[in-house]
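Me: I am new to this structure, and I would like a close look at a single part of it. Please pick one and lead me from there to its surroundings, explaining each term as you go.

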Amino acid sequence: MSGQHYFLTLGFALSLWLNCVDATVTNTPHLNGPIFPVVPQSVPGAKRSAGEFVHPGLWHTHSNLETIRNNVLNGVDPWKSAYEQFSIDSYSQANYTMRGPAAVLSRGAISNYTSFTSDVRAAYQNALMWYITKDQAHWNRSTTILDAWGSGLVDIIGTDASLLVGLEGDMFANAAEIMRWEGGWVESGSKWQGGSGFSIQLYWLFARQSVINGQANYGMVSIKALLSFAVYLDDVTMYNYALYLMYNDLCAGIYGNYDSATAQPLEAGRDQGHVQSGLSWTANAAKVIQNQGSGDLFRFDNNLLLRAAEYTAKFNLNNTVSYNPKIYRCEAVLVDGPWPVISTANQGIKLPVWDIIYYEYVVKRGLNAPYTTQAKAAYGFEGSLPNNDGYTSWGDLIWATSRGYFLRSF
Ligand SMILES: *[C@@H]1O[C@H](CO)[C@@H](O)[C@H](O)[C@H]1NC(C)=O
Ligand SMILES: *[C@@H]1O[C@H](CO)[C@@H](O)[C@H](O)[C@H]1NC(C)=O
Ligand SMILES: *[C@@H]1O[C@H](CO)[C@@H](O)[C@H](O)[C@H]1NC(C)=O
Ligand SMILES: *[C@@H]1O[C@H](CO)[C@@H](O)[C@H](O)[C@H]1NC(C)=O
């Protein structure tokens with residue numbers, strides 16, 4: 001009886017409290033948290049000075065771009081066939097019509113950022129088109145989009161601002177990195193006093209809002225983007241911090257996403273879409289780390305990323321995998337977890353995340369990855385995307401590689 005009384009009292013008190021505190025979370029404070037300096041010796045692959053950065057060196061180095069271009073021009077597959085489709089995609093056209101810029105974008109309860117998504121993709125694909133063709137019209141299209149948004153976008157709001165920043169923002173930085181270091185583009189506007197311009201925006205709106213928040217795949221978006229932003233900005237502290245998070249943030253880094261022993265993705269009980277997108281974000285980070293000569297996240301912990309890809313591909317190809325319900329992400333309670341069984345929500349091979357993993361492990365390193373290989377085949381050509389939110393796609397063009405041993409140790 002007293003127990004029931006307690007409950008009623010508690011329930012009454014709770015309802016009173018709820019009546020008083022009825023605010024809902026509609027926005028986050030601007031996420032300009034501090035970047036604490038990390039001692040370089042504590043982070044494998046850390047930089048010690050700005051001059052150590054490799055440019056271009058986000059997703060594509062000079063040598064990667066040369067591989068793409070030479071194989072397209074020489075008619076070598078898979079580059080040649082991929083380029084045939086890439087070059088006719090609407091986002092690859094020099095006459096692509098820019099949809100922005102907009103002053104304020106929101107992602108969250110209000111989402112109105114598709115003009116940016118489209119223009120970012122056009123800036124990135126035109127940057128690649130310019131590199132391959134050296135046609136000035138592509139140079140113009142890519143850089144005019146970079147300058148227009150670089151000067152015109154002044155705020156990003158909404159609870160998921162960091163996702164917008166980490167997905168579209170990262171691709172935008174990749175376009176800028178190619179045009180800056182290969183195309184000789186000098187951005188308009190930036191001054192040390194502030195104001196406008198691509199790198200001002202990159203620092204304040206993108207990088208400072210990627211200082212870590214979120215868990216699992218969501219947190220990985222911020223880490224992978226922060227790596228890219230730091231390289232573009234030659235920001236040693238930011239780069240080392242992002243690298244530190246990758247290996248030490250147990251909610252968002254590599255171990256915030258994958259179990260070391262079993263490679264079970266920590267969101268396997270949530271749904272298969274987030275698991276698969278997380279593979280892509282982690283692989284993008286691994287590319288930047290590799291291109292910076294900062295070690296080998298692909299090989300880290302006995303090829304943990306490949307083991308996670310195999311687990312994921314196996315299950316999404318309708319095979320049974322072992323699932324441990326004690327292995328789950330931080331703050332699973334936010335997304336209806338922890339989960340007693342593996343989730344079949346969004347099960348299937350429906351996202352363009354396989355090429356980057358396939359080429360890196362199976363082709364370049366010659367490793368056996370039967371399920372990843374089947375997943376690549378099941379998805380088919382990673383091409384034009386109806387909803388292109390953050391995925392590079394076009395792996396047969398941009399991630400393809402020849403067989404070769406990878407010698408750097410970590
Ligand atoms: C854009 O250029 C492509 C070829 O590069 C051409 O086929 C298309 O008609 C052009 N579109 C417009 C709107 O001019
Ligand atoms: C998006 O929504 C926000 C919040 O309502 C608004 O301030 C902003 O102007 C909108 N941007 C676009 C491009 O519609
Ligand atoms: C590129 O832009 C410049 C400056 O606006 C212009 O003079 C030039 O004709 C453009 N070139 C092409 C090929 O569109
Ligand atoms: C997995 O099963 C679903 C549902 O039966 C089916 O639609 C899908 O094609 C299967 N996938 C593969 C790769 O066999």
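Reply: Let's begin with how the elements are named: helices are DSSP runs of H or I with at least four residues, strands are runs of E with at least two, and both are numbered from the N terminus. By that rule the chain holds 14 helices and two strands. Please keep in mind that this is a predicted model, in which local features need pLDDT of at least 70 and side-chain atom pairs count only at pLDDT 80 or more, while totals for chains, interfaces and linings use all residues. Residues are numbered from 1 along each chain as its sequence is written, and chains are lettered from A and ligands numbered from 1 in the order in which they are written.

The part I have picked is helix H8, residues 216–233. H8 has 18 residues and reaches 26 Å from its first C-alpha to its last, close to the expected 26 Å; the expected span is 1.5 Å times one less than the number of residues. As background, an α-helix has 3.6 residues a turn, so residues three or four places apart point the same way.

How much of H8 is covered? Of its 18 residues, 17 are buried. A residue is buried if 20 or more other C-beta atoms, placed from the backbone, lie within 10 Å of its own, exposed if 12 or fewer do, and partly exposed in between. For the chain as a whole, 50% of the 410 residues count as buried.

Leucine 227 is a good residue to zoom in on. Setting aside neighbours within four places in sequence, leucine 227 is in contact with Tyr239, Ala242, Ala285, Val288 and Ile289, where contact means that C-beta atoms placed from the backbone lie within 7 Å. Leu227 is also, with Ala175, Phe229 and Ala242, among the residues that touch the most other members of the largest nonpolar core, which has 115 residues. Such a core is a set of buried Ala, Val, Leu, Ile, Met, Phe, Trp, Tyr and Cys residues joined through C-beta atoms within 7 Å. This core draws at least three residues from each of domain 1 (65–209) and domain 2 (258–410), with bounds from an automatic or database domain assignment. Widening the view to the chain, 73% of the contacts between residues at least 6 apart in sequence join residues at least 24 apart.

Now step off the end of H8. Aspartate 234 follows H8 and sits in the loop between H8 and helix H9 (236–248). Its phi is near 55°, a positive value in a residue other than glycine. Aspartate 234 counts as partly exposed because it has 16 C-beta neighbours inside 10 Å.

Asparagine 318 makes a helpful companion. Its phi is near 75°, again positive in a residue other than glycine, and it lies in the loop between helix H11 (300–316) and helix H12 (355–364). Asparagine 318 has 10 C-beta neighbours inside 10 Å, so it counts as exposed.

Two other loops hold a further backbone feature to look for. A cis peptide bond joins aspartate 77 and proline 78, with omega about 10°; proline 78 is in the loop between helix H2 (62–73) and helix H3 (79–86). The bond from glycine 100 to proline 101 is cis too, with omega near 5°.

Conventions
Two residues are in contact if their C-beta atoms, placed from the backbone, lie within 7 Å.
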